[in-house]
Amino acid sequence: MFLSHIGLTALLSLLSFEVVLGFALLPYSQQREQGSRGQLKNLGLTARNKNDEELINNSISSSRRNFGEQLLRGSFAATILGVTGQPIAAAAAKDTTGEDKDKILQGYKRLNYLLDNWEKETTFCGTDIDPFTGKKKCERTPLKVMDYMGYRSTNDPLFKADKTLKRLDSLAPSSKETEYFDAVENWQQTADEASGMAYTSSWAGPQNPNGGDESIEYFLDRAKEQVVKARNILKDVIDILGLAAV
């Protein structure tokens, strides 16, 4: 449909150009039929004999014809650029199917790793020693969940995963289109909740009013529940699209 629109517009432009070009060349054609002497005089050219006159006429005709061809090509190019705003080659959308598949697979793999190493990934232990326990002081790092969910880096495979999933919807079999649509819708809600709970947990410490370690753990556990759901949604997507197993 898009190419047809370009072709039609270009054709109309070319037809209009031929009409204008025909009118522009008409005076010259009439002058040639009536004799070329007046034309040569206007151009400041003088023919010594009939052969010279014919040679000059041919040169003028060739120059005009070349000018017309160049102008015609320029008009066509301008028409294409005017319709698309860019050359046809650049106007074609880049196929990101392979890249999008990899993003989903890598995102699924990363969520599995996060869940398998939850305590390690959401806890940071410094070099300070707790004088009461004799162990290193550790604190929870809920914002790490946002890293894995693609909310803190454009380089993360799950960054704007909802758009990635929508670009892959054409790969879903017709028998599973509804199932895939539901998965995409559920993903965004689940991802937002996981990120939101993790962010809330990061501000639920004892340094804030009514906060404490228990509040941190409470919201972090809720974030984990949403991460599990998000991981399962990606697994459903992978199964529906028939992507390679991770």
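Colleague: Which distance should I expect between the end C-alpha atoms of helix α9, residues 177-202?

Modeller: A helix can be checked against its expected span, and in this predicted model the 26 residues of helix α9, taken at 1.5 Å a residue, should span 38 Å, which agrees with the 38 Å that separates its end C-alpha atoms.

Colleague: Which residues of α9 are buried, and against which helices do they pack?

Modeller: The general idea is that an α-helix has 3.6 residues a turn, so residues three or four places apart point the same way. In α9 the buried residues include Tyr180, Ala183, Val184 and Trp187, followed along the helix by others, among them Thr190, Ala191, Ala194 and Ala198. The buried residues of α9 pack against α5 (97-116), α7 (143-148), α8 (161-167) and α10 (213-241).

Colleague: How many disulfides does the structure hold, and which cysteines does a disulfide join?

Modeller: A disulfide is recognised by the distance between two cysteine sulfur atoms, for which the cut-off is 2.5 Å. The structure holds 1 disulfide, and it joins Cys125 to Cys138 with an S to S distance of 1.8 Å. This pair links distant parts of the chain, since Cys125 belongs to strand β1 (residues 123-129) and Cys138 to strand β2 (residues 136-140), 13 residues apart.

Colleague: Is that disulfide right-handed or left-handed, and are Cys125 and Cys138 buried or exposed?

Modeller: The handedness is read from the torsion about the S-S bond, which is about 105 degrees for Cys125 and Cys138, so the disulfide is right-handed. As for burial, neither extreme applies: Cys125 is partly exposed at a relative accessible area of 39%, and Cys138 is likewise partly exposed, at 44%.

Colleague: How many aromatic pairs are there, and what are the angles between the planes of Tyr199 and Trp203 and of Tyr218 and Phe219?

Modeller: The angle between the ring planes names the arrangement, with values over 60 degrees counted as edge-to-face. There are 2 aromatic pairs. Tyr199 and Trp203 form a tilted pair, with 6.5 Å from centre to centre and 55 degrees between the planes; Tyr199 is partly exposed at 45% relative accessibility, whereas Trp203 is exposed at 52%. Tyr218 and Phe219 form an edge-to-face pair, with 5.0 Å from centre to centre and 80 degrees between the planes. Here Tyr218 is partly exposed at 47% relative accessibility, and Phe219 is partly exposed at 21%.

Colleague: Where does Arg110 lie in relation to Tyr148?

Modeller: Arg110 lies over the face of Tyr148, at a distance of 4.5 Å from the ring centre.

Methods. Residues numbered from 1 in each chain as written. Predicted model: local features only at pLDDT ≥ 70, side-chain atom pairs only at ≥ 80, totals over all residues. Heavy atoms only, no water. Helix = DSSP H or I, 4+ residues; strand = E, 2+ residues; numbered from the N terminus. Expected span 1.5 Å × (residues − 1). Buried < 20%, exposed > 50% of the residue type's maximum accessible area, 1.4 Å probe, protein only. Contact = heavy atoms within 4.5 Å. Phe/Tyr/Trp six-rings, centres within 6.5 Å; stacked < 30°, edge-to-face > 60°. Lys NZ or Arg CZ within 6 Å of the ring centre and 35° of its normal.
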